[in-house]
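The following exercises are to be worked through with the sequence and the three-dimensional structure in view. Each task is followed by a solution in steps.

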Amino acid sequence: MYLIPAATTKELSTVKFANFLAQQTSLCLVFTLHNEAGLDKQQLTAKVDNPATESLSCNWYAEKNISDGEEVSDSKNISPLHTIIVAAAGLNFEMLEEIIVALQIQSNSVNVVANAYNCAFDKMVVNIDCHIEDADIMTGELNRRLKLLSEALFIDVFLKPNISFENQGLAVFDMDSTLIEMECIDEIAKLAGVGDAVSKVTELAMLGEIAFAESLHHRVACLNGVNLSALLSIRRRLPFMPGFVTLINELKRKGWKVAIASGGFTYFADYIKVLFELDYAFSNTLEVKDNKLTGKVVGKVIDAQAKADVLQKLAKENNIPMANTIAVGDGANDLIMMSVAGSGVAFKAKPKVQAQAANSIRFSGLEAVLYLLG
């Protein structure tokens with residue numbers, strides 16, 4: 001490992017840093033403790049375990065030789081136990097140091113490498129490999145730190161799940177406000193002249209304040225008499241979520257199974273399935289008579305539990321380990337599905353969902369799901 005001269009690190013802009021990172025196999029940030037008088041061994045150890053301590057300084061190292069750099073052969077090497085993924089419009093050494101210190105990682109050395117999708121879209125993406133000794137910190141406190149850091153810096157920060165593109169996987173998506181930027185039932189209600197009343201109930205259901213199945217029947221009843229031509233006009237202008245096409249194409253290229261599990265309607269979900277050649281689509285069927293909606297749902301409602309059942313059923317049918325499944329959604333009725341998946345991902349979700357999800361996408365498009373796999 002070679003020390004990167006301090007002057008170099010200070011001078012590097014985001015663009016230069018991006019080029020620099022692309023040329024290096026790995027970067028390493030090493031924290032060094034200034035030995036203060038009066039500190040015993042136990043106190044010194046405690047300080048090393050908390051890089052945020054004021055008595056620590058840090059240096060960057062690279063695997064390749066840096067001109068005029070000091071070669072270091074005895075820098076502490078810790079086998080990475082966990083990977084934190086950072087996606088931001090711009091990154092440099094200073095910002096990475098700020099992120100690593102804020103996370104209070106329990107080691108004095110971290111490795112930074114480019115994510116497989118670094119600069120593939122509109123974000124710089126790096127993987128921070130770090131040592132975390134306390135399992136409780138990893139599962140609870142670390143997730144809290146990640147969310148606070150995301151809010152403070154307006155970046156996406158994830159804890160990489162144990163999922164691999166090397167093996168076949170399954171990705172199951174909610175539809176409304178996840179794959180498309182609308183709630184279809186609210187749009188139908190607007191055309192029926194009951195938009196405000198229905199959208200209020202939709203919001204309560206997504207927040208988890210009322211039962212989904214109950215709310216669905218109530219809302220659909222308001223659509224009695226709506227002509228199918230109204231649904232067709234909505235379907236023709238579906239606003240697909242940014243990053244949706246990119247994500248689906250990449251998942252299919254990697255041989256993954258892709259499914260929709262939606263509390264929305266077959267009129268839209270089946271259309272998206274055919275349009276993008278998805279493998280499966282499960283949603284609710286609106287009853288139609290004389291080319292008009294009757295205000296009823298046909299068959300079993302696809303609610304929160306049904307979504308989770310769909311994911312488990314598809315994984316079993318395709319011989320895909322549950323550990324290699326992803327569930328992505330935004331509302332409270334996605335939480336059970338997200339909890340049984342190998343990785344649950346909240347996408348621009350309601351507060352309750354963000355709080356419970358292992359990872360939350362807040363400032364990127366759907367393509368950020370790929371960062372978790374890169």
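The model examined here is a predicted one.

**Exercise 1. The contact of H9 with H11**

Task: Determine the handedness of the crossing of H9 and H11, and describe the contact between them.

Solution.
Step 1. The crossing of H9 and H11 is right-handed.
Step 2. On the side of H9, the contact is formed by Leu228, Leu231, Leu232, Ile234 and Arg235, and on the side of H11 by Tyr267, Phe268 and Tyr271.
Step 3. Sorted by class, the residues of this contact are seven nonpolar, no polar and one charged.
Step 4. Helix H9 covers residues 228-235 and helix H11 residues 266-275; their axes come within 10 Å and cross at roughly 40 degrees.
Step 5. The pair is therefore classed as oblique, since an angle under 35 degrees would be needed for roughly parallel.

**Exercise 2. Helix H6 and its neighbours**

Task: At what angle do the axes of H6 and H9 cross, and which residues meet?

Solution.
Step 1. The axes of helix H6 (residues 184-192) and H9 come within 10 Å, and the crossing angle is roughly 130 degrees.
Step 2. H6 is therefore oblique to H9, because only angles over 145 degrees count as roughly antiparallel.
Step 3. The crossing of H6 with H9 is right-handed.
Step 4. From H6, Glu187, Ile188 and Leu191 take part, and they meet Ala230, Leu231, Ser233 and Ile234 of H9.
Step 5. This contact has five nonpolar, one polar and one charged residues.

Task: Which residues of H6 are buried, and against which elements do they pack?

Solution.
Step 1. Cys184, Ile185, Asp186, Glu187, Ile188 and Ala189 are the buried residues of H6.
Step 2. The partners of these buried residues include the helices H7 (195-206), H8 (212-221), H9 and H11. Strands S9 (257-265) and S11 (292-298) are also among the elements they pack against.
Step 3. After H6 comes Gly193, which has a positive phi, near 85 degrees.

**Exercise 3. Positive phi outside glycine**

Task: What is the phi of Asn291, and what is the phi of Asn319? Where is each residue found?

Solution.
Step 1. Most residues other than glycine have a negative phi.
Step 2. Asn291 has a positive phi, near 65 degrees, although the residue is not glycine. The phi of Asn319, likewise a residue other than glycine, is positive and near 55 degrees.
Step 3. Asn291 belongs to the loop between strand S10 (280-289) and S11. Asn319 belongs to the loop between helix H12 (304-317) and strand S12 (325-329).
Step 4. With a relative accessible area of 44%, Asn291 is partly exposed. Asn319, at 71%, is exposed, because the value is over 50%.

**Exercise 4. Two buried positions**

Task: Are Ser343 and Gly365 buried or exposed, and which residues do they touch?

Solution.
Step 1. Ser343 lies in strand S13, which spans residues 343-347. Gly365 is placed in the segment after strand S14 (359-361).
Step 2. The relative accessibility of Ser343 is 3%, and that of Gly365 is 9%. Both values are under 20%, so Ser343 and Gly365 are buried.
Step 3. Leaving aside residues up to four places away in sequence, Ser343 touches Pro161, Ile163, Thr325, Ile326, Ala327, Met338 and Asn359.
Step 4. With the same exclusion of residues up to four places away, Gly365 touches Pro242 and Phe347.
Step 5. The C-alpha atoms of Gly365 and Phe121 are 9.8 Å apart in space, while the two residues are 244 residues apart in sequence.

**Exercise 5. Cysteines and the chain as a whole**

Task: How many disulfides does the structure hold, and how accessible are Cys119 and Cys130?

Solution.
Step 1. The number of disulfides is zero.
Step 2. Cys119 is partly exposed, at a relative accessible area of 41%. Cys130 has 1% relative accessibility and is buried.

Task: How many helices and strands does the protein chain contain, and what share of its residues is buried?

Solution.
Step 1. The protein chain contains 14 helices and 14 strands.
Step 2. Of its 374 residues, 52% are buried.
Step 3. Among contacts in the protein chain with a separation of 6 or more, 70% join residues 24 or more positions apart.

Conventions:
Residues numbered from 1 in each chain as written. Predicted model: local features only at pLDDT ≥ 70, side-chain atom pairs only at ≥ 80, totals over all residues. Heavy atoms only, no water. Disulfide = S-S within 2.5 Å. Buried < 20%, exposed > 50% of the residue type's maximum accessible area, 1.4 Å probe, protein only. Axes fitted to C-alpha atoms, helices over the stretch in contact; angles between N-to-C directions. Helix = DSSP H or I, 4+ residues; strand = E, 2+ residues; numbered from the N terminus. Parallel < 35°, antiparallel > 145°, perpendicular 65-115°, else oblique. Left-handed = near helix turned anticlockwise from the far one by under 90°. Contact = heavy atoms within 4.5 Å. Nonpolar A, V, L, I, M, F, W, Y, C, P; charged D, E, K, R; others polar.
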